[in-house]
Amino acid sequence: MKAEGVGFGKVILFNEHFVVYGIPAIVSAIGKHTTAKIEPYVNPEVKLEDNRGATPKYKVDKLDQQKESLNLILKAMKLDPIKKGMKIVLGGDLYAASGIGASAASCVAIARALAQHHDLTLTDEQINAIAFEGEKGYHGTPSGIDNTAATYGGLIWFEKGNPDVIERIPIRNPIEIVMGNTGKVTNTVAAVAGVKERKEKHPARYAEVFDRAENVAYLAKRALMEHNLDDIGKFMNEDHKLLQQIEVSSRELDFLVDVARDNGAIGAKLTGGGLGGNMIALTPGKALQEQVATAIEKEGFQVLKTVIGAVR
Ligand code: MEV
């Protein structure tokens, strides 16, 4: 029997980038996931076969990072591929693109599959810690928010710290969203470094924006718990403004955010590292979801129709 592991895709609803500096953020797993299957391999090596659907160039651009990530995962699990050859096959219905947690989902899936393949019983906490090491291959210094969503699923309040604060936010029902893909593969390390540089250059201005982001997180958490859709949307719009102010949006992202809002989305913002990648629109109900998705597709962009609050 092949060992198999699963990791969720994710969408950051509030405070990507701010989260790197300890500001609370809210992330949700989406109803799409990556699978990793492992089988013995004749050669004493780890062979990776990546069968995920992906944005053009995504896999090529990320190949070196993927190799580095796999080595970090093996190291964190103290596994020696030379002793036991393996073939890891990635698949699942999560389309690999920037801003959707593709790297974290694959790290979690691989860690889970490796554990099964080696008869190791690991807790979610241990899987999350291993995936965090794997994420370093992609992000350099990740906050840990992506692997947390990919491991636990559901809707999560996340604060980076020692230890991290990871709390489940209860919501009444999963809510429909549309994610619009700019088609641009982006480099999260560069995006995070850019924020750091500008923050150091303009400390007072950035401190003000960061304070507002912190405030938005608390207000948004309450709105989510009360299932107050209008407020959730309003705070998403506010968060997008703050992300524009720290210069991680892009022309394409702003355009898709406008298209979504003009077509009835209750709120819309970029999601993930920014500068390209994906945006998210809050579109409760199948009809509104369809309307916004169609409008984005008409502009020639790819969409993903899914929900926030998906659980395992
Ligand atoms: C990337 O999905 C989210 C960022 O905040 C980076 C991180 O938290 O590691 C941009």
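This tour goes through the ligand site of a predicted model, one selection at a time.

**Ligand and its shell.** Select the ligand and show the residues around it. There are 13 of them, and K10, H17, P142, S143 and D146 come nearest. Colour the shell by class: 5 residues are nonpolar, 5 are polar and 3 are charged.

**Side-chain contacts.** Next, show the side chains of K10, S143 and D146 as sticks. For S143, a side-chain N or O atom lies 2.6 Å from an oxygen atom of the ligand. Move to D146, where the corresponding distance from a side-chain N or O atom to a ligand oxygen is 2.8 Å. At K10, a ligand oxygen is 3.2 Å from an N or O atom of the side chain.

**Burial of the ligand.** Now turn on a surface for the protein. On its own the ligand exposes 290 Å², and the protein buries 98% of that area. Hide the ligand and look at the space it takes: this space is the largest cavity.

**Elements around the site.** Switch to a cartoon and select residues 3-14 and 145-152. These are β1 and α4, the elements that give two or more residues to the shell around the ligand.

**I12.** Stay on strand β1 and select I12, which is found there. Is I12 buried or exposed? The relative accessible area of I12 is 3%, so this residue is buried. Add I145 to the selection and draw a line between the two C-alpha atoms. I12 and I145 are 8.6 Å apart in space by that line, with their positions 133 residues apart in sequence.

Notes:
Residues numbered from 1 in each chain as written. Predicted model: local features only at pLDDT ≥ 70, side-chain atom pairs only at ≥ 80, totals over all residues. Heavy atoms only, no water. Near = heavy atom within 4 Å. Polar contact = N/O pair within 3.5 Å; in protein donor to acceptor, adjacent residues only side chain to side chain. Areas by Shrake-Rupley, 256 points an atom, 1.4 Å probe, with all protein chains shown as cover. 1 Å grid on protein atoms, 1.4 Å probe; cavity = no way out; pocket = protein on both sides within 12 Å on 5 of 7 lines; lining within 4 Å. Sits in = over half its atoms within 2 Å of the grid points. Helix = DSSP H or I, 4+ residues; strand = E, 2+ residues; numbered from the N terminus. Nonpolar A, V, L, I, M, F, W, Y, C, P; charged D, E, K, R; others polar. Buried < 20%, exposed > 50% of the residue type's maximum accessible area, 1.4 Å probe, protein only.
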